[in-house]
Amino acid sequence: MEVTIIGCGYVGLVTATCLASIGHMVRGVEKDAQKLKTLQEGHCPIFEAMLADLMKEQCRAGRLRFAGDVSSAVRDAEMVFLCVGSPPKPDGTVDLSYLDDAVAELCEALQGRIGGHMMPVVVKSTVPPGTSRRVSRILREKTKANIEVVDNPEFLREGSAVKDFLEPERIVIGTESPDAMRMMRRLYDPVIQRPESFLTMNWESAELTKYAANAMLAARISFMNEMTILCEGYGADIEAMRQALGLDHRIGPWFLKGGVGYGGSCFPKDVAALEHISRNVGHESLFVRAILAVNSGQKTRFFRKLVAKLGRPIQQAQIAVWGLAFKAETDDIRESPAIDIIRYLLDAQAYVRATDPKAIPNMKRVFGDRVEWCEDPMTAAADADAVAILTDWPQYCTLSYEKVAAVMKRPVLFDGRNCLHPEMMKEAGFEYHSMGRPAVDRRV
Ligand code: UGA
């Protein structure tokens, strides 16, 4: 099938590359001149496992091409995807201006088309319920082309996006048109795992499913983070509890890891948006507000614990921050808990030496020379009063902690992701504080 993807950001590029890899002829449209140049030269502008190689392969095979202009790219298209960003506005509502611009350009590009074969226009951006209906109305008013709008939310996780696309647990299709539904079925046929994982519903159900899925996962994390407070208060162990809860198949083991809070480009924005989406139908969602409050409280709680247990004043203390990305295996720092926690540390006049395997260039743009940037965890820990682990990079689990202790001023570690074993830290001579687990305190 000839597919045009408008917007080659994270979702668009993964969608374009993966659709090409299953045999479709794909054109990606990118407005940003610098990014377009990178793509046209065959380079992948983002860090995502497997994506760069797959992209190069598809470009070489001639199935994936990039352009800067919508009109030439939609000329032969049988299907158009809208994959532009839908970022949050300062008040938490969704900024749909990129989508509106893309729809306006599409209308312009389709001026010459009258009737013809039905072309699905697929909204892949995360949008509030009612948006696809509005897009459909605009396209019908402003063009004479035979178009059906489809809402097709994405469920990709950063770090495993290619795998998630090629082996999806479910594909959600919101449309009112049986013909568009059949075309979507044909498009995705090679990746549909089981017939029942291809779900069709109306526009609003599909749009809301995306927000509900992210809010449900965020709620599980916030619930467990709330439990870390009780565990610390009563001397219980959140990790033991997590295993026990996860074995109940009605609960399941996923997204139950407590820590310094969730981050990323999706959970924070989508949960905040759901608060406004609720308000639009006259409902004040206490539930959504609680998810948000627990998540932000967890970051301040981590900082306060660090200050309380540091064993010296925080002013002029040297703190090694390990992990800047919002999760492991990505260089993405959007809404990363590390941003808030470093800010609290700097505001309290601590010296911060930070390290991360991938995310230093991005975090440098936030803090510049207010933070000392270190290539590796050992260098960051040298002479430190404490280490704070803020991202669960696997390489932090396999270090020799006797050696880490030897280079620090005092062997104190605050593990915001429960990466390490308290027993191991005790043997290495550490004072060790994690989230929702009994502390290893050398002074006791
Ligand atoms: C999330 C969803 O998992 C995807 O299904 C969705 O498609 C995507 O958002 C999106 O809307 O585009 P992603 O943001 O890549 O994917 O990251 P996750 O792996 O879900 O992690 C989100 C945050 O939750 C991270 O900060 C992570 O450290 C945290 N987390 C995750 C926990 O604190 N505990 C857990 O048990 C799991």
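## Reading a predicted model, one feature at a time

Student: Glutamate 30 comes out buried, with a relative accessible area of 9%. What does "buried" mean here?

Tutor: One thing up front: this is a predicted model. A residue is called buried when its relative accessible area is under 20%. Glutamate 30 is at 9%, so it counts as buried.

Student: Where does glutamate 30 sit, and which residues does it touch?

Tutor: Start with the chain, then go to space. Glutamate 30 is in the loop that links β2 (25-29) to α2 (33-40). Leaving out residues up to four places away in sequence, glutamate 30 touches Gly7, Cys8, Gly9, Lys35, Leu36, Leu39, Ala67 and Gly68. Its side chain also reaches the backbone nitrogen of aspartate 32, at 3.0 Å. For a sequence-versus-space view, take valine 84: glutamate 30 and valine 84 are 54 residues apart in sequence, and 9.5 Å apart in space from C-alpha to C-alpha.

Student: Let's try another acid. Is aspartate 164 buried or exposed?

Tutor: Apply the same cut-off. Aspartate 164 has a relative accessible area of 12%, so it is buried as well. You'll find aspartate 164 in helix α7 (residues 161-166).

Student: What does the side chain of aspartate 164 make a polar contact with?

Tutor: For a polar contact, look for a pair of N or O atoms within 3.5 Å. Here the partner is the side chain of arginine 157, at 2.7 Å. Once neighbours within four places in sequence are set aside, aspartate 164 is in contact with Phe155, Leu156 and Arg157.

Student: On to the ligand. Which residues come nearest to it?

Tutor: The ligand has 19 residues around it, and the nearest are Glu154, Leu156, Glu158, Lys210 and Asn214. By type, the shell splits into nine nonpolar, two polar and eight charged residues.

Student: What are the distances from ligand oxygen atoms to protein polar atoms?

Tutor: Check side chain and backbone separately. An N or O atom in the side chain of glutamate 154 lies 2.8 Å from a ligand oxygen, and one in the side chain of asparagine 214 is likewise 2.8 Å from a ligand oxygen. With phenylalanine 155 the partner is a polar backbone atom, 3.3 Å from an oxygen of the ligand. As for cover, the ligand taken alone exposes 710 Å², and the protein buries 89% of that.

Student: Which helix gives the most to the shell?

Tutor: That's α9, with three residues. Both α9 (203-234) and α11 (267-280) supply at least two residues each.

Student: Why does the ligand count as lying between the domains?

Tutor: Ask who contributes to the shell. Domain 1 (2-201) and domain 2 (202-444) both give residues to it, so the ligand lies between them.

Student: How do I describe the two domains relative to each other?

Tutor: Use a centre distance and a contact count. Taken over C-alpha atoms, the centres of domain 1 and domain 2 are 33 Å apart. The contact takes 33 residues from domain 1 and 26 residues from domain 2.

Student: Last one: which residues of helix α13 are buried, and what do they pack against?

Tutor: List the buried positions, then their partners. In α13 (residues 337-347) they are Pro337, Ala338, Ile339, Ile341, Ile342, Leu345 and Leu346. These buried residues pack against α12 (286-309), β9 (318-322), β10 (351-355) and α14 (360-367). Following α13 is glutamine 349, which has a positive phi near 65 degrees.

Notes: Residues are numbered from 1 along each chain as its sequence is written. This is a predicted model: local features need pLDDT of at least 70, side-chain atom pairs count only at pLDDT 80 or more; totals for chains, interfaces and linings use all residues. Side-chain values use heavy atoms; hydrogens and water are left out. A residue is near a molecule or strand if one of its heavy atoms lies within 4 Å of it. A polar contact is a pair of N or O atoms within 3.5 Å; within protein, one must be able to donate a hydrogen and the other to accept it, and residues adjacent in sequence count only if both atoms are side-chain atoms. Accessible areas come from the Shrake-Rupley method with a 1.4 Å probe; for residues, only the protein chains shown count as cover. Helices (H or I, at least four residues) and strands (E, at least two) are DSSP runs, numbered from the N terminus. Ala, Val, Leu, Ile, Met, Phe, Trp, Tyr, Cys and Pro count as nonpolar, Asp, Glu, Lys and Arg as charged, and the others, Gly among them, as polar. Domain bounds come from an automatic or database domain assignment. Buried means under 20% relative accessible area, exposed over 50%, partly exposed in between (1.4 Å probe, protein chains only). Contact means heavy atoms within 4.5 Å.
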